[in-house]
There are 4 protein chains.
Amino acid sequence: MKVFQIQDDWGMEHLQLATRPDPKPGPGQVLLRMKAASLNYRDLLVPNRGYGAHTGTLPLIPLSDGVGEVLEVGAGVTRVKAGERVCPCFTQGWVSGPPQPDRAAHNLGGPIDGTMAELMCLPEGGVVRVPDYLSDEQAATLPCAALTAWSALMVQDHLAPGAKVLVQGTGGVALFALQFAKLAGAHVTVISSSDQKIERAKKLGADAAINYRTTPEWAKATLGITGGRGFEHVLELGGEKTLPQSLLCVATGGTISIIGVLSGGTMTAQLGRVVMKQVRMVGIGVGNRDGFEAMLRAMALHRVAPVVDRVFAFAELKEAMAHLRSGAHFGKVCIRH
Amino acid sequence: MKVFQIQDDWGMEHLQLATRPDPKPGPGQVLLRMKAASLNYRDLLVPNRGYGAHTGTLPLIPLSDGVGEVLEVGAGVTRVKAGERVCPCFTQGWVSGPPQPDRAAHNLGGPIDGTMAELMCLPEGGVVRVPDYLSDEQAATLPCAALTAWSALMVQDHLAPGAKVLVQGTGGVALFALQFAKLAGAHVTVISSSDQKIERAKKLGADAAINYRTTPEWAKATLGITGGRGFEHVLELGGEKTLPQSLLCVATGGTISIIGVLSGGTMTAQLGRVVMKQVRMVGIGVGNRDGFEAMLRAMALHRVAPVVDRVFAFAELKEAMAHLRSGAHFGKVCIRH
Amino acid sequence: MKVFQIQDDWGMEHLQLATRPDPKPGPGQVLLRMKAASLNYRDLLVPNRGYGAHTGTLPLIPLSDGVGEVLEVGAGVTRVKAGERVCPCFTQGWVSGPPQPDRAAHNLGGPIDGTMAELMCLPEGGVVRVPDYLSDEQAATLPCAALTAWSALMVQDHLAPGAKVLVQGTGGVALFALQFAKLAGAHVTVISSSDQKIERAKKLGADAAINYRTTPEWAKATLGITGGRGFEHVLELGGEKTLPQSLLCVATGGTISIIGVLSGGTMTAQLGRVVMKQVRMVGIGVGNRDGFEAMLRAMALHRVAPVVDRVFAFAELKEAMAHLRSGAHFGKVCIRH
Amino acid sequence: MKVFQIQDDWGMEHLQLATRPDPKPGPGQVLLRMKAASLNYRDLLVPNRGYGAHTGTLPLIPLSDGVGEVLEVGAGVTRVKAGERVCPCFTQGWVSGPPQPDRAAHNLGGPIDGTMAELMCLPEGGVVRVPDYLSDEQAATLPCAALTAWSALMVQDHLAPGAKVLVQGTGGVALFALQFAKLAGAHVTVISSSDQKIERAKKLGADAAINYRTTPEWAKATLGITGGRGFEHVLELGGEKTLPQSLLCVATGGTISIIGVLSGGTMTAQLGRVVMKQVRMVGIGVGNRDGFEAMLRAMALHRVAPVVDRVFAFAELKEAMAHLRSGAHFGKVCIRH
């Protein structure tokens, strides 16, 4: 089968098209013919060994997100059958419950081989069926980006209708967070560097928006939006540069989901503010399979349409990565297998 | 001031129009000119001393729900000011947090004097401001019926989008539960004895409905609706006759909110089913002031319109009660002061 | 291998010694040489098909609890290795998180073959290692009885130090609940029909006790113990006859764990009390593997010694069952393989 | 009455003995004759306006913790009566439930006058009765330091028996955390700069300890203690210098309570680690009155003795503050009124 893999050594230049033998499903396994994949910011870091030992060993097939059709099932498989369309779970083996040391790092796209392959062989417990209403590209966006947003808002927090939520940017996780928060009856404020993207976010349901390029002290500008209460939930997707402002505009007793490290991996923040406002800061590590299935039930009920920015061909992986790195995207960058 | 009160002895016949001296607000108190009130099933039981010692002593002004305008505030009051429109809280003194033995039974309409009075004098902490978009009659429906539904779904449980909810009937609490569950992105099934009421419930957002008169074994009929999973949340408003069926159609690990006792005050249910399905059954005692204010923020954001069935004049209290008892209503029965 | 099984038809008389072929571990499976088993009240109901369809099909090997030594592991097994001592999990496949419809009824001792066999073959994910300080008989008591008590107090509830807990009786679950509640710093009251058993419960740490034979209205007698607040947590092990009194003495906002059906499988209770006191009644279905492992860490830290009432030989299964049925036991009735 | 107050201007040199008129209890208020007070690190920051606007206006009576006897009650007071011994609540008006913007900053010792006064007049809802077994000095240590530790472990988290907890240092909050975690059946590791203090911590129940002066990379040294799992709960009392190591040794899915800022008010930490380990970091703002009363029930049941390091006379406030600043203390520094 055809794959992309990082081979010989770490580094973007070692990410190459290659051929591997076709896998066969063993007992309890399912073989998927992959239909589409989708990129996350994480995928730009993995080739340069961005997660250290957690990135795994070479050769490594990158990308965490994708969707495939079940070609064949191994002995004893009961959860799925041939012909069904499924997504692989990002964290293999994390079925339910809180994160545990022994099952938090078995992630696709590093250290486990990811979705840039014609075929994937996985334990039956490591895939979930996807609703028919979604296109392949839409379904391919879900395992990492959508589930991260869901886990932040619905599992690690419990958004009630009327809650005020701040979403940073208009990337993959951000737009899913916007869509899911709206499903839950929340009021959503988006910050973005582009008025054009703000217009699109409003069409997706954003109740308020701030251009952080023209309003660099955006936290102050949100006081009117929240009536001075602050946001019950802030999705922290920027990291180093945004966290201090997130602490300014989060509500007393509110939650900041720590997800992204786009603007730098070190946080510097005033501890005093965390204490005075009694803020909860929660690191979000994608999520478990139960959460994935609950999210799909919600999406199917409301026909939530993931925002696909652009679709590249399988061979165009590097172009797709460059597009994601440019920040020009709105929503998810996908690959057609 | 003019009031209705139960005087001389318990019994519906002792519920009469009367006059009391106008109250004056002491330090920390607010004086309200009542604008409207609204009836709950509870109000039919109180005159007959339906809660025993918890019903209080005579004379007693009945009714828990209402809305008024602040006429005057006592010394030191800061939470509200004259001219603002506020609802009294059903459980006076329960501001926040879980129920506590020392603050669970201070309820308006028994043992504390209720809303069938021209004037009410309450501690400033015992009222909440209501949004302008609501009419007086709409606002009068909130303290007991709406907050009970909110507490059941959003405080004692945390409905996530896509959850399946069963609501019994189309009375006050039931319709608020339907409206709030829809705000939260849930899928709602209503059971009712009337096809006409079912039609109205669907207009309010119900996704599915069953006429339990024509389908007495309604629990079985819901299997298709939930795909066999059962309901994540059942609002048990019937009591004695409905609970066994609720246990049949609730999901494994699901929640049954115990609210109503319309069909009888004794529950008889198979304990084995509670254990096998690991059901949570939660007694709902209206709710606290923080919940009330969070509910109002959600309602204001979404302009939720309480369903007012019919409005009676102050002097028509007994006619209003008879109307509620008849079961002909859809939504709340109100009184115009 | 030698087994006990219910064969030919349901009924205690069809529970017999028999021989089955030795199982071999397939991929991902472990083969155990069983060392000991232990009885639960459930095991007295299964031979008479006490759980209907959930009891499974014949022939069926009974008993849920036991411990064995890993004899051999199948291909790909990494969680355990030969020579280690492990307990089978009662609910196979429920690793973590809340109960789910698809993984709540795969229980050992019905519908899945249980521990009355010389050898057991299970998925590696379906067993947990047990601490060395426990004897085989002690370890054999854990999967069902101990985990039920743990789940009730520590997973479905979160006992804080100083909480007041009521435990009914001195059977297996009851004594584990007593021991675990004491670990958590709670105050524990035990009710029992025997002064002698009460003495033994006090030696295990019970802070207060009531003989419900000499004090049939035991709920009233607890008012002094709780200072009138009631119990934050009641372990309801009796069922039909005890629940009404449990509702009398549980605290406002308190929790009743619904576990047992010893005195009858139907509950009849005043719904009004559930509502007025805002009680949570939670059906406890043993628990998941994460809970089992957390419980074992707590037990090992504090060297908690399960109370073994009496040990019978493998061939004496029916005598052991008769002993359990008699109610004369204090703690767990065990079988030595 | 005699008081200490910061007057004329901010700065430690403006903290002086002064006289104020004796207060009289208004309706709903209680008048206390203070018996003892106790110092927190916070009290060293307040005179220099360490909390900005939250520190309040001058003149200001400092210190948050203390105990007094009810001298007189105002009209309508029912919660307490003359002669009873009570502690003022640190956050006045926060009775129950999660923190809220409108009731998180009404703190004694800034912005509200504190406990360095012969008499205090407070709303009846702002005090709690203390158990008889405690001396005045012991009781004076509770409102801030003890409740902070309780809220961190039992309210914002729910320690189960067997959990592993890391406590930093041997100051007031640290020792209460050690004592409370032991009540809850946890395993507690203490880090300290002094072998002598470590010995004392072990006598109080610490299961393990590390001298961070001789073992600067103490986080690595804890791997053996937790078997590589990490700590379920870390009480972060150091702040700037300790947080990076706390993130190294906290368990996947674990909680870090953000309490102290002893080593600096800015946190600099690797966001990636927060995400990978899915850590919850929770700012702890002392706690509410319900928590205070639950803590007192637990303490009274177990006769927990607060550790009083040294008692100074009322006039020796500055000497007491210098002693606290020196770091030589083990437990709480108290003032006898």
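A polar contact here is a pair of N or O atoms within 3.5 Å, where one must be able to donate a hydrogen and the other to accept it. Keep that in mind for the views below, all taken from a predicted model.

**View 1. Domain 1 of chain A meets domain 2 of chain A, with 4 residue pairs in polar contact across the interface.** Both residues of each pair sit at pLDDT 80 or more. Salt bridges don't feature here: the rule finds 0 between domain 1 and domain 2 of chain A. On the domain 1 side, helix α9 (residues 289–302) of chain A chips in the most, with 4 residues. By class, that side of domain 1 splits into 10 nonpolar, 5 polar and 1 charged.

**View 2. Here is how the two domains of chain A are laid out and how much they bury.** The domain assignment gives chain A a domain 1 in two pieces, 2–141 and 287–336, and a domain 2 covering 157–283. Going by C-alpha atoms, 28 Å separate the centres of the two domains. At their contact, 16 residues of domain 1 of chain A touch 13 residues of domain 2 of chain A. About 1200 Å² is buried between them, and carbon and sulfur atoms account for 74% of it. Look for Y41(A), V304(A) and F330(A): in domain 1 they lose the most area to domain 2, together 43% of what that side buries.

**View 3. Chain A packs against chain D with 36 residues from each chain in the contact.** The area buried between chain A and chain D comes to about 3100 Å², with 67% from carbon and sulfur atoms. Three residues to pick out are M267(A), L271(A) and Q278(A), which supply 24% of the area that chain A buries against chain D, more than any other three residues. As for charge pairing, the count between chain A and chain D is 0 salt bridges. Polar contacts do turn up, with 3 residue pairs across this interface, both partners at pLDDT 80 or more. The elements giving two or more residues to chain A's side are β12 (250–258), β13 (266–270), α8 (271–276) and β14 (280–283). That side of chain A has 18 nonpolar, 15 polar and 3 charged residues.

**View 4. Strand β13 of chain A pairs with strand β13 of chain D across the interface.** The two strands run antiparallel and are joined by 5 bridges. Which residue of β13(D) is the bridge partner of T268(A)? That would be T268(D).

Definitions and conventions. Residues numbered from 1 in each chain as written. Chains lettered and ligands numbered in written order. Predicted model: local features only at pLDDT ≥ 70, side-chain atom pairs only at ≥ 80, totals over all residues. Heavy atoms only, no water. Contact = heavy atoms within 4.5 Å. Buried area = accessible area lost by both parts, 1.4 Å probe. Salt bridge = Lys/Arg side-chain N within 4 Å of Asp/Glu carboxyl O. Polar contact = N/O pair within 3.5 Å; in protein donor to acceptor, adjacent residues only side chain to side chain. Nonpolar A, V, L, I, M, F, W, Y, C, P; charged D, E, K, R; others polar. Pairing = 2+ DSSP bridges. Domains from an automatic or database assignment.
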